[in-house]
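This report walks through one protein chain, part by part. Please keep the sequence and the structure in view while reading.

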Amino acid sequence: MSSPLYDCLVLGAGPAGLAAAVTLGRSYLKVLVFSNNKFRNAISGHMHTMPTWDHKDPAEYRVAAQKEVVDKYRTVSFANTEITLLESEATLSGGTQTQFAAVTAQGERFRGRKIIIATGCQDIFPPIEGFGDGWGKRISSQPPTLLTNGAMSSSDLEEVAVRTPMRGIHGLKTDSRRIKSIEHDPREPDQITVHFSDGESQTFGFLVHKADTQTVGNWAEQLKIETISSNPSSDLKLVSPMGETSVKGVFAAGDCATPLKQVTNAVAMGVIAGAGVANAVTVEKMSRHNLEFGLE
């Protein structure tokens with residue numbers, strides 16, 4: 001017995017996936033949303049710039065948003081299942097892919113006309129002991145100090161000095177000593193200590209680091225989706241204003257498909273991708289109907 005065919009399979013139940021689910025539900029499409037319950041902001045107790053949810057727990061937001069979808073839109077269902085493989089199952093004339101399979105590690109297959117990838121990304125930390133323990137736990141402190149974790153070129157230092165908004169107001173200190181480890185004591189939530197390779201230590205109110213990221217899942221390799229760079233773990237490339245990727249029928253939203261990795265942007269992208277899928281599915285259904293009745 002074959003599995004049911006969904007109009008759309010949504011991978012990820014974070015802000016982007018939940019927003020897509022709402023949009024698809026309002027279009028009365030049959031949708032299955034997958035979640036592995038792993039979220040990039042799980043270590044944070046607050047989310048920001050989200051109307052009605054500013055400085056509130058993102059975990060509570062996800063629970064409330066999912067409940068709202070389930071309560072209002074009966075065509076949308078959720079599965080706490082991790083998908084490990086995506087593949088194309090069928091095409092129509094002209095090579096347009098219209099049916100896909102999402103497969104679990106146990107081999108269970110789920111079928112959908114379209115896919116929205118909203119699995120987000122994960123941060124890549126520098127190889128510094130204790131760095132992850134302090135990630136997401138910071139408060140403001142003065143004066144600002146730039147820790148380069150090693151020497152920077154004079155041109156790089158000059159660019160930093162020009163670009164910092166604090167230049168000439170508070171001053172910017174530069175410290176190029178190598179960092180041995182970082183220590184965050186939960187009993188002292190308002191500070192974090194940096195231990196340098198020369199044996200000295202310094203305590204700060206917070207540290208700021210722009211982490212590199214990589215997409216969650218090998219979707220680009222599995223479906224031959226174009227990415228924004230030659231690295232298959234980089235952000236998925238969108239070729240349509242409605243969130244479609246280079247593979248017809250595969251859409252992407254949220255942190256896996258934008259350099260602006262922020263919750264309100266993820267919600268907006270989820271809505272757009274959901275609308276794109278709703279339009280594509282409706283057009284295909286009408287086309288099949290016309291072919292059945294000889295109207296084309």
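## Helix H2 and its two sides

In helix H2, the buried residues (under 20% relative accessible area, with a 1.4 Å probe and protein chains only) include Pro58, Tyr61, Arg62, Ala65 and Val69. Seen down the axis of H2, the buried residues fall within an arc of 100°, so they line one face of the helix; the arc is that of the directions from the helix axis to the C-beta atoms. The other side of H2 has Val63, Lys67 and Asp71, which are exposed, a term for residues over 50% relative accessible area, with partly exposed in between.

H2 covers residues 58-72, and its end C-alpha atoms are 21 Å apart, which agrees with the 21 Å that its 15 residues should span at 1.5 Å a residue. The expected span is 1.5 Å times one less than the number of residues.

This is a predicted model, in which local features need pLDDT of at least 70 and side-chain atom pairs count only at pLDDT 80 or more, while totals for chains, interfaces and linings use all residues. Residues are numbered from 1 along each chain as its sequence is written, and side-chain values use heavy atoms, with hydrogens and water left out.

## The chain as a whole

The chain has six helices and 14 strands. Helices (H or I, at least four residues) and strands (E, at least two) are DSSP runs, numbered from the N terminus. Of the 296 residues, 39% count as buried. Among contacts (heavy atoms within 4.5 Å) between residues at least 6 apart in sequence, 57% join residues at least 24 apart.

## Helix H1

Helix H1, residues 15-26, reaches 17 Å from its first C-alpha to its last, close to the 16 Å expected for 12 residues at 1.5 Å a residue. H1 is mostly covered, with 10 of its 12 residues buried. Among them are Pro15, Leu18, Thr23 and Leu24. Tyrosine 28 follows H1 and has a positive phi, near 60°.

## Strands and their pairing

Strands of a sheet pair through backbone hydrogen bonds, either parallel or antiparallel. Here, two strands count as paired if DSSP finds at least two bridges between them.

One open sheet has three strands in the order E10-E11-E12, with antiparallel pairing. Its edge strands are E10 (179-183) and E12 (201-204), each of which pairs on one side only. From one strand to the next, the twist averages 20°. Strand E11 (residues 192-196) is joined to E12 by four bridges, and valine 194 has glutamine 202 in E12 as its bridge partner.

Strand E7 (residues 121-124) pairs with strand E13 (residues 212-215) in the antiparallel sense, over four bridges. Glutamine 122 stands opposite glutamine 214 in E13. In a regular strand the side chains alternate between the two faces of the sheet. E7 has a covered face with Cys121 and Asp123, and an uncovered one with Gln122 and Ile124.

## Nonpolar cores

A nonpolar core is a set of buried Ala, Val, Leu, Ile, Met, Phe, Trp, Tyr and Cys residues joined through side-chain atoms within 4.5 Å. The largest one has 46 residues, and those with the most contacts inside it are Phe34, Leu86, Ile116, Ile117 and Ile225. Helix H6 (residues 263-292) gives the most to this core, with six residues. Another core lies apart from it and has 11 residues, among them Ile192, Phe196, Phe204 and Ala211.

Leaving out residues up to four places away in sequence, isoleucine 116 touches residues including Leu9, Leu24, Phe251 and Val277.

## Single residues

Glutamine 99 is in strand E5 (residues 97-104). With the same exclusion of residues up to four places away in sequence, glutamine 99 touches Leu5, Ser88, Glu89, Ala90, Arg111, Gly112 and Arg113.

Lysine 210 is in the loop between E12 and E13. Lysine 210 and isoleucine 124 are 86 residues apart in sequence, and their C-alpha atoms are 9.7 Å apart in space.

Two loop residues other than glycine have a positive phi: asparagine 37, at about 60°, and lysine 224, near 60°. Asparagine 37 lies between strand E2 (31-34) and H2, and lysine 224 between helix H5 (219-223) and strand E14 (250-252).

The table gives the accessibility of these residues.

| Residue | Relative accessibility | Class |
|---|---|---|
| Glutamine 99 | 16% | buried |
| Asparagine 37 | 49% | partly exposed |
| Lysine 224 | 67% | exposed |
| Lysine 210 | 71% | exposed |

Methods: Axes fitted to C-alpha atoms, helices over the stretch in contact; angles between N-to-C directions.
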